[in-house]
Amino acid sequence: MNIRAPILNAKAFTSVVALAACSLLSGPLQAKERIVTLKVSVNTADLDVSQPAGARQLYSRLQHAANVVCGHGMRVGLQAIDDFAGCVETAIGEAVRSANLPQLTAEYLRTHTLQQATTHGIDLPVLVAEK
């Protein structure tokens, strides 16, 4: 899963949420099976992600995108993922890490532990890391 880090003064940026952990998609593969990486763009043009309200809205959009990517993917014929919850957590964690936005990280930490953030490589603000 990837998310492109925004330039905060740009009019818009597009975050990309993708399922990069293809190993979550399958156990042993047969020769006929194909692994697919899905990406969902998350529009943030209307958000001020430097403010808590904007970060909350972005986090909500990332959650929705992760549910789509890890679920049906808006595609017919995709095999369901065995660990849906794990896939969603990985997708969101990697998106937050890639964005590297303090307010988005704070929003993530409202529902996740410091250990979960560290597992996904999320940079923690100094004041949070000291707690």
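Let's start at Tyr108, which is buried with a relative accessible area of 0%. The model shown here is predicted, and this tyrosine is a good place to begin a tour of it.

Leaving aside neighbours within four places in sequence, Tyr108 is in contact with Tyr59, Ile92, Gly93, Val96, Gln116, Ala117, His120 and Ile122. One of these partners, Tyr59, also takes part in the 1 aromatic pair that a search of the whole structure finds. The ring centres of Tyr59 and Tyr108 lie 6.5 Å apart with their planes at 70 degrees; because that angle is over 60 degrees, the pair counts as edge-to-face. The pair links distant parts of the chain, with Tyr59 in helix α1 and Tyr108 in helix α3, 49 residues apart. Tyr59 counts as buried too, at 4% relative accessibility.

Tyr108 also belongs to the largest nonpolar core, a group of 23 residues in which Leu58, Ile92, Val96, Leu104 and Tyr108 have the most contacts. The elements that give two or more residues to this core are α1, α2 and α3 (102-109). Helix α2 supplies the largest share, 7 residues. As background, nonpolar side chains in soluble globular proteins tend to be buried together.

What about covalent links? The structure holds 1 disulfide, formed by Cys70 and Cys87 with their sulfur atoms 2.0 Å apart. This pair, too, links distant parts of the chain: Cys70 sits in helix α1 (residues 52-70) and Cys87 in helix α2 (residues 84-99), 17 residues apart. With -75 degrees about the S-S bond, the link is left-handed.

Here are the two linked pairs, residue by residue, with the burial of each member:

| Residue | Helix | Relative accessible area |
|---|---|---|
| Cys70 | α1 | 2%, buried |
| Cys87 | α2 | 1%, buried |
| Tyr59 | α1 | 4%, buried |
| Tyr108 | α3 | 0%, buried |

Now for the wider view. The protein chain has 5 helices and 2 strands, and from the N terminus on its elements run β-β-α-α-α-α-α. Of its 131 residues, 38% count as buried. Among contacts between residues at least 6 apart in sequence, 51% join residues at least 24 apart. The Tyr59 and Tyr108 pair, 49 residues apart, links distant parts of the chain. As for the surface, the chain exposes about 7,900 Å², and carbon and sulfur atoms supply 53% of that area.

Methods:
Residues are numbered from 1 along each chain as its sequence is written. This is a predicted model: local features need pLDDT of at least 70, side-chain atom pairs count only at pLDDT 80 or more; totals for chains, interfaces and linings use all residues. Side-chain values use heavy atoms; hydrogens and water are left out. A disulfide is a pair of cysteine sulfur atoms within 2.5 Å. Buried means under 20% relative accessible area, exposed over 50%, partly exposed in between (1.4 Å probe, protein chains only). Contact means heavy atoms within 4.5 Å. Accessible areas come from the Shrake-Rupley method with a 1.4 Å probe; for residues, only the protein chains shown count as cover. A nonpolar core is a set of buried Ala, Val, Leu, Ile, Met, Phe, Trp, Tyr and Cys residues joined through side-chain atoms within 4.5 Å. Rings of Phe, Tyr and Trp (its six-membered ring) pair if their centres lie within 6.5 Å; planes under 30 degrees apart count as stacked, over 60 as edge-to-face and the rest as tilted.
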